[in-house]
Amino acid sequence: MNAPAYNLPGITAKTSNPESTPVVNSVVADTGARTVAQVMAQTQVQQVMDALDRDLVGLKPVKSRIRDISALLVIDRLRLNLGLAAQSPSLHMCFSGNPGTGKTTVAMRMAQILHELGYVRSGHLVAVTRDDLVGQYIGHTAPKTKEVLKKAMGGVLFIDEAYYLYRPENERDYGQEAIEILLQVMENQRDDLVVILAGYKDRMDTFFMSNPGMNSRIAHHIDFPDYQEDELAQIAQHMLSAQNYRLNEEAEKAFAKYLHLRKQQPHFANARSVRNALERARLRQASRLFANPNKELTADDLSTLNAEDILASRVFQHEKG
């Protein structure tokens, strides 16, 4: 029995038969480019990739995959410019990895690249979780899911912790309905929407095993590795510099020790944990300066985090215990 076709207002659905005649992406028009350099000059793709390198520390395998996908799309555009038959490429992706490894940031950059090359109408990204898609009552899920899809059309839909859509242990769960709608739209309107699923690798693997239809629609699986301690230290420096803060020499040593200890503890979330640690260090610095109300504070006082601002963390109390 065929699943119902879920069409969004103003969008013409295509056949859901994957073996139908290849679809040429109608968004991409001949711009006259005949070389890679000309395509790059006509778009901002190189600038986006440069920003990815600049803004994200490490993640070499991830950046390599993004460059490969970008190269495929550039060559595909050149083929279309010459009138060579080309099937609309499947661009749905899965980003797997632990929290704080840059998945959302890379998704935003990917949306920009797709827009610059004409594979989506706009470069916007809509980030959602299960709660945005699945309702609590009968008849509630379809409207919620279709409303999210309507907002994402022409761009990228990023579904974080996508495995929570599937809860086989609960017979009254409505997540499967959201999955069925997503599957239809991912196939029928794939030239107007790119879906990126994200989450822990082991859970995503289980999700795909339980939902082979979803797995078959994902063309690119990209694993995001955890950051190394030196990379986390670089991330901290970037975060502080962006807010006109810095660590003095002793604080740098203390923070390196903090990272070593924190990575061994539960619920470590890579760059997210670094950001939280720095926020708490700023709080301690503010309390330290506030405690001396008559002292005239210099710019250096206000922008420098000392070792004591780091060492007061509970992470070091665990070490003493």
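This passage describes salt bridges, aromatic pairs, two residues of one helix and the largest pocket in a predicted model.

The model is predicted, so local features need pLDDT of at least 70 and side-chain atom pairs count only at pLDDT 80 or more, while totals for chains, interfaces and linings use all residues. Residues are numbered from 1 along each chain as its sequence is written, and side-chain values use heavy atoms, without hydrogens and water.

Salt bridges were searched for across the whole structure, and twelve were found. A salt bridge is a side-chain nitrogen of Lys or Arg within 4 Å of a carboxyl oxygen of Asp or Glu. One of the twelve joins lysine 63 to aspartate 53, with the closest N and O atoms 3.7 Å apart. This pair links distant parts of the chain. Lysine 63 sits in helix H3 (residues 60–81), aspartate 53 in helix H2 (residues 45–55), and ten residues separate them. Helices (H or I, at least four residues) and strands (E, at least two) are DSSP runs, numbered from the N terminus. Lysine 63 is buried, at 9% relative accessible area. Aspartate 53 is partly exposed, at 34%. Here buried means under 20% relative accessible area, exposed means over 50%, and partly exposed lies in between (1.4 Å probe, protein chains only).

Another salt bridge pairs aspartate 205 with lysine 201. The closest N and O atoms are 3.6 Å apart. Both residues belong to helix H8 (residues 201–210). They are four residues apart, so about one helical turn separates them. Aspartate 205 is partly exposed, with a relative accessible area of 36%. Lysine 201 is also partly exposed, at 41%.

Arginine 282 and glutamate 279 form a further salt bridge, with the closest N and O atoms 3.3 Å apart. The two residues lie in helix H12 (residues 271–290). They are three residues apart, about one turn of the helix. Arginine 282 is partly exposed at 23% relative accessibility. Glutamate 279 is partly exposed as well, at 37%. Elsewhere, salt bridges with shared partners join Asp53, Lys63 and Arg67 into one network.

Aromatic pairs were examined next. A pair of aromatic rings is described by the distance of the centres and the angle of the planes. Rings of Phe, Tyr and Trp (its six-membered ring) pair if their centres lie within 6.5 Å; planes under 30 degrees apart count as stacked, over 60 as edge-to-face and the rest as tilted. The structure holds five such pairs. In one of them, the rings of phenylalanine 95 and phenylalanine 224 have centres 5.0 Å apart. Their planes meet at 45 degrees, so the pair is tilted. Phenylalanine 95 lies in strand S1 (residues 93–97) and phenylalanine 224 in strand S5 (residues 220–224). The pair therefore ties together parts that are 129 residues apart in sequence. Both phenylalanine 95 and phenylalanine 224 are buried.

Phenylalanine 255 and tyrosine 258 form a stacked pair. Their centres are 5.6 Å apart, with 15 degrees between the planes. These two residues are three places apart in helix H11 (residues 249–262), so about one helical turn separates them. Both are buried. Phe255 and Tyr258 join Phe316 in one aromatic cluster.

Two residues of helix H3 were then followed in detail. Valine 62 is found in this helix. It is buried, with a relative accessible area of 1%. Contact means heavy atoms within 4.5 Å. Leaving aside neighbours within four places in sequence, valine 62 is in contact with Val106, Ile222, Asp223, Phe224 and Pro225. The C-alpha atoms of valine 62 and glycine 102 are 9.7 Å apart, although their positions lie 40 residues apart along the chain. Lysine 63 is also placed in helix H3. Its side chain reaches the backbone oxygen of glycine 58 at 3.1 Å. With neighbours within four places in sequence left aside, lysine 63 is in contact with Leu52, Asp53, Leu56, Val57 and Gly58.

The largest pocket holds about 490 Å³ of space. A pocket is an open set of points on a 1 Å grid over the protein atoms alone, where a 1.4 Å probe fits, with protein on both sides within 12 Å along at least five of seven lines; lining residues have an atom within 4 Å of a point. The volume is the space filled by probe spheres set on the points. The largest pocket is lined by 25 residues. Closest to its centre are Gly100, Thr101, Gly102, Lys103 and Arg272. Helix H4 (103–116), strand S3 (156–160), helix H10 (229–242) and H12 each supply at least two residues of this lining.

How values were computed: A polar contact is a pair of N or O atoms within 3.5 Å; within protein, one must be able to donate a hydrogen and the other to accept it, and residues adjacent in sequence count only if both atoms are side-chain atoms.
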